[in-house]
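Take a look at the structure below and keep it open while you read. The points that follow walk you through it by topic.

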Amino acid sequence: MKDIYEDFDRAVCLRGEGRAKKETQWLKVVYGFNEPQLPNNVSSPNFSRIFATNTTAFELLVLKRKIMGPCWLQIKNPQVDNKGVSCTRTIVNHRENIREIVCATARIWSNIDIDDPTPPEALPCTVRTFVRPLDRFPPNFEVRASGNGKGLISPMKNERMLLNSLLVTIHRADPDVIVGHEFLGVSLDVLLHRMRELKADHWSRIGRFRRSRWPPIGRQGTNLRFLSGRLLGDLASDGAKDMITSTTWSLTEMCKTHLKSDRQDIDPDDTASYFDGGVSSPERLLTFVRHCELDAHYQMALAAKVQILPLTRQLTNLAGNSWNKTLNGGRAERNEYILLHEFHRLKYVCPDKLWGKKSAVAAKAENEDGDAEGGKTTKGKRDKYKGGLVFEPKRGLWDKYILVMDFNSLYPSIIQEYNIDFTTVESVEVDADGEEKIPEPPSSEVPQGVLPRLIATLVNRRRQVKSLMKDKKATPAQLLQWDIKQMALKLTANSMYGCLGFEYSRFYARPLAALTTFKGREILTHTRELAESMQLDVVYGDTDSVFVNSNVTELAEALKISAEFKKAVNDRYKLLEIDLDGIFQRLLLLQKKKYAAVKVEDGSRTSTEVKGLDMKRREYCVLSKTVSQYVLEQILSGEATEAVVERIHEYLTTIGEDVRGGKIKLDEFIIFKRLGKNPEDYPDAKSQPHVQVALRMKARGLTARAGDVIPYVFCIGEGGETAKTAQADRAKHPDEVRRSSDELKIDYEHYLAHQILPPIERLCEPIEGTDRARLAECLGLDPNRYRSAAESEERYFGTLDSLMSDAERFKDAEPFLVRCRSCRGQVAFAPISDRESSLLLPSGPACPACQSALGTASLQVQLETQIRGHIAKYYESWTVCDDPTCGNRTRMMGVYGRRCLRQGCRGTVAFEYSDATLYNQLRFYLSLFDAEKAVKTSTGSKADEVKALVDLQGDFLRTMAATAEKYLNQSGRRWVQLSTLFSFMKM
RNA sequence: GCUGUGAGCGU
DNA sequence: ATTACTATTGACGCTCACAGC
Ligand SMILES: [Mg+2]
Ligand SMILES: [Mg+2]
């Protein structure tokens, strides 16, 4: 082997379990990357282990040269930055169901300084758009295109020419950065496949690495390597999504929220209509081309607005990783590199990167855990250790000042405060019961560890930057740059903790993470106790905050209390710092992590702060959010409850009418849900609306991949579905609804019952004077279906001491029909207190028609037969639809389904003969032979008569009652089970 | 109510 | 007119909808 040199080096090994091993002697061997990699598990009498056999060239270069992110390696070039934006339009070739390129815009800015806050529209750029016909261009299109304003439009003969010209443009401009929206996931994928298919010239010019032979094109969204040498800033990448607050990250939405521009949405299925040489006009195609031009601008404007490039550069400079990785997202790698740099500098040997495996520690813990599967969350991911503490909220509407006291970056502070580090914390024993114990923090003599010092450095640098920002003479450009810097420092410090508990991390150290959160819980508990010792009421708290009820109505007094409390808390810690995060004038505390408040801004201004409520979630449509917003405003208005409740009821009534009257636009009904996996990978796609919609999108040639946010609307079923699939199948893409022109109708009832009512009900839960049934009624929904279980039960059976008479209670019960063997007549067994109709005489039961006696045994058999008939009917499980226009009666359904099976009907089915009906029937039979009740319900002179009768016929009554009771007990137990187990049936 | 699945808010 | 390869994942705490039992 050549190129080898040897060198003894003292180093400390950082392996696995918490504390680093002792300093030992190492032999450093270096050889070229042209030689094969050594296996990492070999040993010999001369050495026990080899480390870093699989270190990548990138890691080595960056560490050895101490390269901390983007910088010039040879200082000979002037600062040149060339940014390009590409925007492509594709069309689905339905014959082969593949996507082709029809239009592409390259918008190029040259010599840009990314820290320059000037918006892109104020900077010069060149615009070049290539467009090709599907068959032929509309007449005169070429002429009209040449007269386009700023941007150059180049009509191309075919797709291959388009691609070639695009490649030439990219080659000439040779951009350092490509900015796009869904470029990696969509555009690049189509570009690559089309370039290969059509044998485009110099295809590798899309990147800076020249190739002639095509390497395999990987899975969609994984082909970043084709762009080697250029940076890709994709607005839809995970990295960008973390920086942009948006529900869908669609271009249209981000333009609206971040640029205040109304971007026109184009239904992909309409693309062909713009191109049709016969139908379309040149103007129409031009609008399409200009739309493409404009999108390229929007993408750049958004990138500038959210500052992806400057921020990712700062993050990369801090961590010393690759800029492209930061742009693409994934925090773990940044964290890994910042630690690699630090440990390398201090001459530690770091744990090797394990490809495709969890870290050694994680794998070991897995074996020990065995099948003792802990609390699973998603994708079989277990919770590995305990996290933050959340106090049980004291629910309700608070109207005295509430002080929100919050620890400043709790976890980074804890790591510093307790000197938590790989090198300082002793490894822990595993308990007998497999429970891992929390390690002890080191004693105060132990010198500061690597991690605490790293975080301290970051925090100090941030403090310096923030003090710079206070300078009055600072230019806006400087301020912006400093703000980005301090943001990057904060993000970096805050992400250190997360990676300690990350099982795939090279620096995985679960005990350290567990210790950090443990201290967090301890601190929060102590903080609460301190507040209570100061006679302060803590109404809520989450991980690093306590909500203190000041119980005063004067702001100055509240501030005084907060200052006292703050001092009391901060005196207990060296570094840890609590601060007043905000003051709430009113607070509606609904659940853990769910509340709304009127926050006092400086002086007299206020703002509303909402956390965790349904209206913050993308799965609730705009309409639902609007209604929630109104209701919330009323509740927080501070006015008298009656007035508030009345206004809410009124509002809901008009909403119900407006919705049913079709006065609300389609956009207000759109629901969003993200695909957690690719749509094909769902085991039960049938029951998931967003998956169904995504699958249909794919069938039409559009893309729908893991991570995409799918919009959909619930429509009225067209029929042909089974009960199981009905709900999900009724979800349609908004474009489908728009295209269908009245074919598809929005399911207004569904929206009222599932999107509007539940959030409102949750908001009003602590409000006196209204309830679910009342709210449902206002919306025009059947209040009975929304009554609470207790209420429904009352309505069924009456309360125990109800005034409801038996006649009322049993009005729907079927009578006990007695057949006389002599005269073959049939008569109902009337209540015995009803002396005129009853067939029970003091001498015994007798036929009212022929006066012959009826035997006890005969009556008993007849009763049993009829009871069995009812029970059989119950088990037949006939269901009937509640929609009066349908009335479908069937037993086709699964026992627990509720949807009507009939095509096109949206009714809800209930058991025609329900458990409640059966129960009531049996109680009716029993009541017929209830001596005590008969006496009680009789009045005046009748009472004596009845009393005498039941005394004489006691045996008969007891026999019959026992018969009824036997079945009642059997079925009664069944009923109790059903009513408690399947409480949903009594909604 | 339990189980499972799927959502995504919160710190 | 030269390579080429995986794989890709910050933590935990809490609520909600749906299907099935
Ligand atoms: Mg905090
Ligand atoms: Mg907080």
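**Two helices that cross**

Helix 16 and helix 17 cross in a right-handed way; a crossing gets that name if the near helix is turned clockwise from the far one by less than a right angle, and is left-handed if anticlockwise. Keep in mind that this is a predicted model, where local features need pLDDT of at least 70 and side-chain atom pairs count only at pLDDT 80 or more, while totals for chains, interfaces and linings use all residues. Residues are numbered from 1 along each chain as its sequence is written, chains are lettered from A and ligands numbered from 1 in the order in which they are written, and side-chain values use heavy atoms, with hydrogens and water left out.

**More on the crossing**

- The axes of helix 16 (residues 510-533) and helix 17 (residues 555-570) come within 11 Å and cross at roughly 135 degrees. Axes here are lines fitted to C-alpha atoms, for helices over the stretch in contact, and angles run from 0 to 180 degrees between N-to-C directions.
- That makes helix 16 and helix 17 oblique to each other (under 35 degrees is roughly parallel, over 145 roughly antiparallel, 65 to 115 roughly perpendicular, and the rest oblique).
- Thr527, Leu530 and Ala531 of helix 16 meet Phe565, Ala568 and Val569 of helix 17 in the contact (heavy atoms within 4.5 Å).

**The magnesium ions**

- Who holds the magnesium ion (ligand 1)? Its protein donors are Asp406 (OD), Phe407 (O) and Asp544 (OD), 2.2 to 2.5 Å from it. Donors are N, O and S atoms within 2.8 Å of the metal (3.2 Å for Na, K and Ca); water is not among the atoms, so sites may look incomplete.
- For the magnesium ion (ligand 2), the protein donors are Asp406 (OD) and Asp544 (OD), lying 2.2 to 2.5 Å from it.
- This pair links distant parts of the chain, 138 residues apart: Asp406 sits in strand 11 (residues 402-407), and Asp544 in the loop between strand 12 (537-540) and strand 13 (545-549).
- The two ions are 3.9 Å apart, and Asp406 coordinates both.
- Asp406 has a relative accessible area of 17%, so it's buried (under 20%; exposed is over 50%, partly exposed in between, with a 1.4 Å probe and protein chains only).

**The whole chain**

- Chain A has 31 helices and 26 strands. These are DSSP runs, numbered from the N terminus: helices are H or I with at least four residues, strands E with at least two.
- Of the 987 residues in chain A, 48% are buried.
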